[in-house]
Amino acid sequence: MGIWGYWASSFTQTVMDFEGQRKAEELMRIIISTCGVIGFIVGFYFQKFSYCVYTVFGGVGLCILLCLPTWPYLRGRAMNWVDTKKTEAYWQEEARKATQDKVKQANKQKR
């Protein structure tokens with residue numbers, strides 16, 4: 001498949017895990033906060049509010065490029081889902097145990 005095939009296939013996966021969401025949100029906060037402070041300083045220095053707004057818009061654009069797509073660094077820990085058959089068998093067993101316990105308690109109360 002080669003490196004280019006791996007690189008192209010990495011962008012077809014659209015699932016971002018919880019750790020990737022945390023990373024993306026943290027990166028977004030850092031970028032927008034930093035651009036807000038820099039924009040305020042630049043706008044204050046040049047006495048132009050538009051420079052402040054342009055700097056913040058640039059930070060938002062950078063956030064869109066870095067955080068919106070599911071880049072490979074945001075998909076590091078895939079979740080292993082539990083098989084449906086196993087969960088159904090588990091809950092059926094739990095229901096059976098609960099009914100047996102209720103029957104035992106009812107028999108004890110009758111005595």
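**Salt bridges and helix packing in the predicted model**

Glu19 and Arg22 are joined by a salt bridge, with 2.6 Å between the closest N and O atoms. The structure described here is a predicted model, and this pair makes a convenient place to start reading it. Both residues belong to helix 2, and because they are 3 residues apart there, about one helical turn separates them. Neither partner counts as buried, since the cut-off for that class is under 20% relative accessible area: Glu19 is partly exposed at 24%, and Arg22 is likewise partly exposed, with a relative accessibility of 42%.

Arg22 has a further partner. Its side chain also meets that of Glu26 in a salt bridge, at 2.8 Å from N to O. Glu26 lies 4 residues from Arg22 in helix 2, again about one turn of the helix, and is partly exposed, with a relative accessible area of 41%. Glu19, Arg22 and Glu26 are thus linked in a network of salt bridges.

Moving along the chain, another salt bridge is found in helix 4, which spans residues 84-110. Here the side chains of Glu93 and Arg96 come together, with an N to O distance of 2.1 Å. The two residues are 3 apart in the helix, so about one helical turn lies between them. Glu93 is partly exposed, its relative accessible area being 31%, and Arg96 is also partly exposed, at 38%. In total, the model contains 4 salt bridges, among them the pairs described above.

Helix 2 also takes part in helix packing. Two packed helices are described by the angle between their axes and the distance between the axes. Helix 2 (residues 18-46) packs with helix 3 (residues 49-67) at an angle of about 160 degrees, and their axes are 7 Å apart. Angles over 145 degrees count as roughly antiparallel, and helix 2 and helix 3 are therefore roughly antiparallel to each other. Their crossing is right-handed. The contact between helix 2 and helix 3 comprises 18 nonpolar and 5 polar residues, with no charged residues.

A word on confidence helps in deciding how far to trust each region. The protein has a mean pLDDT of 85, and 86% of its residues reach 70 or more. Confidence is highest in helix 3, at a mean of 95, and lowest in helix 1 (residues 2-10), where the mean is 62. Where pLDDT is low, the predicted coordinates should not be read in detail.

Key. Residues are numbered from 1 along each chain as its sequence is written. This is a predicted model: local features need pLDDT of at least 70, side-chain atom pairs count only at pLDDT 80 or more; totals for chains, interfaces and linings use all residues. Side-chain values use heavy atoms; hydrogens and water are left out. Axes are lines fitted to C-alpha atoms, for helices over the stretch in contact, and angles run from 0 to 180 degrees between N-to-C directions. Angles under 35 degrees count as roughly parallel, over 145 as roughly antiparallel, 65 to 115 as roughly perpendicular and the rest as oblique. A crossing is left-handed if the near helix is turned anticlockwise from the far one by less than a right angle, and right-handed if clockwise. Ala, Val, Leu, Ile, Met, Phe, Trp, Tyr, Cys and Pro count as nonpolar, Asp, Glu, Lys and Arg as charged, and the others, Gly among them, as polar. pLDDT is the predictor's confidence in each residue, from 0 to 100. Buried means under 20% relative accessible area, exposed over 50%, partly exposed in between (1.4 Å probe, protein chains only).
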